[in-house]
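Here is a short report for a reader meeting this structure for the first time. Please look through the sequence and the model before reading on.

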Amino acid sequence: MAVPALADRSPQPRALPLREVRTRLTQLVSLAELTDTVTVVTRDGDPRPIAAIVPAPAARTGAQARADAERVAAVSAGWARRLEELHRQSGRRHAAELRALTDALAEAWAELDRRAPAGDPALTRLRAAHADLLRRP
């Protein structure tokens with residue numbers, strides 16, 4: 001069974017002499033792009049590296065990486081502030097709606113207490129079901 005040329009995903013960089021890199025440059029660049037493979041270029045007959053073909057993200061400088069990180073941090077901080085403000089607004093809106101609801105419920109219970117006979121079992125069960133809403137903070 002034939003193994004595709006792009007199946008080699010070894011973590012070790014491959015070393016190729018300059019002569020071979022010249023003839024296979026397009027393939028090596030595609031390999032770096034698609035599989036994050038690093039190819040070290042050597043002089044013909046000399047094992048010391050002289051250059052490398054690396055995926056673009058790996059070629060970023062430390063300054064570029066720090067600038068990107070600072071930009072992401074600033075954007076994230078902006079979104080965090082916006083989300084926190086929306087959370088506070090939502091909390092205030094929720095508290096106001098809950099107060100309006102508990103006030104309306106208290107009025108409804110006051111009316112039920114005036115109209116229903118004392119000790120009505122259905123009213124007692126309903127009051128127990130609404131006990132948490134009837135307690136005002």
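The report below covers the fold, the core, one loop residue and the salt bridges.

## Overall fold

This is a predicted model. The protein chain has four helices and three strands. Along the sequence, their order is β-α-β-β-α-α-α.

Buried residues account for 12% of the 137 residues in the protein chain. The accessible surface of the chain is about 10700 Å². Carbon and sulfur atoms hold 60% of that surface. Contacts tell something about the fold too. Take those between residues at least 6 apart in sequence: 41% of them join residues at least 24 apart.

## The nonpolar core

Which residues form the largest nonpolar core? There are six: L16, V21, L28, A32, V41 and I53. Helix α1, residues 18-35, gives the most to this core, with three residues.

L16 is a good place to look in more detail. Leaving aside residues up to four places away in sequence, L16 touches V21, R24, L28, T39, V40, V41 and T42. Among these partners, V21, L28 and V41 are also members of the core.

## A buried threonine in a loop

T37 lies in the loop between α1 and β2, the strand of residues 39-42. Is T37 buried or exposed? Its relative accessibility is 5%, and buried means under 20%, so T37 counts as buried. The side chain of T37 also makes a polar contact of 2.6 Å with the side chain of T35.

## Salt bridges along helix α2

The whole structure contains nine salt bridges. One of them joins R88 and E84, with the closest N and O atoms 3.5 Å apart. Both residues sit in helix α2, residues 62-115. They are four residues apart, so about one helical turn separates them. R88 is partly exposed, with a relative accessible area of 38%. E84 is partly exposed as well, at 40%. This pair belongs to a network of salt bridges that links E84, E85, R88 and R92.

Another salt bridge joins E111 and R114. Here the closest N and O atoms are 2.6 Å apart. The two residues are three apart in helix α2, so they too are separated by about one helical turn. What is the exposure of each partner? E111 counts as partly exposed, at 28% relative accessibility. R114 counts as exposed, at 59%. The cut-off explains the two labels: exposed means over 50%, and partly exposed runs from 20% up to that value.

## A salt bridge between two helices

The side chains of R127 and D113 also meet in a salt bridge, at 2.4 Å from N to O. Where do the two partners sit? R127 is in helix α3, residues 121-129, while D113 is in helix α2. They are 14 residues apart, and the pair links distant parts of the chain.

Both ends of this bridge are partly exposed. R127 has a relative accessible area of 31%. D113 is at 41% relative accessibility.

## Summary

The chain runs β-α-β-β-α-α-α. Its largest nonpolar core has six residues, and helix α1 gives the most to it. T37, in the loop between α1 and β2, is buried. Within helix α2, salt bridges join R88 to E84 and E111 to R114. The bridge from R127 to D113 connects helix α3 with helix α2.

Methods:
Residues numbered from 1 in each chain as written. Predicted model: local features only at pLDDT ≥ 70, side-chain atom pairs only at ≥ 80, totals over all residues. Heavy atoms only, no water. Core = buried A, V, L, I, M, F, W, Y, C linked by side-chain atoms within 4.5 Å. Buried < 20%, exposed > 50% of the residue type's maximum accessible area, 1.4 Å probe, protein only. Contact = heavy atoms within 4.5 Å. Areas by Shrake-Rupley, 256 points an atom, 1.4 Å probe, with all protein chains shown as cover. Polar contact = N/O pair within 3.5 Å; in protein donor to acceptor, adjacent residues only side chain to side chain. Salt bridge = Lys/Arg side-chain N within 4 Å of Asp/Glu carboxyl O.
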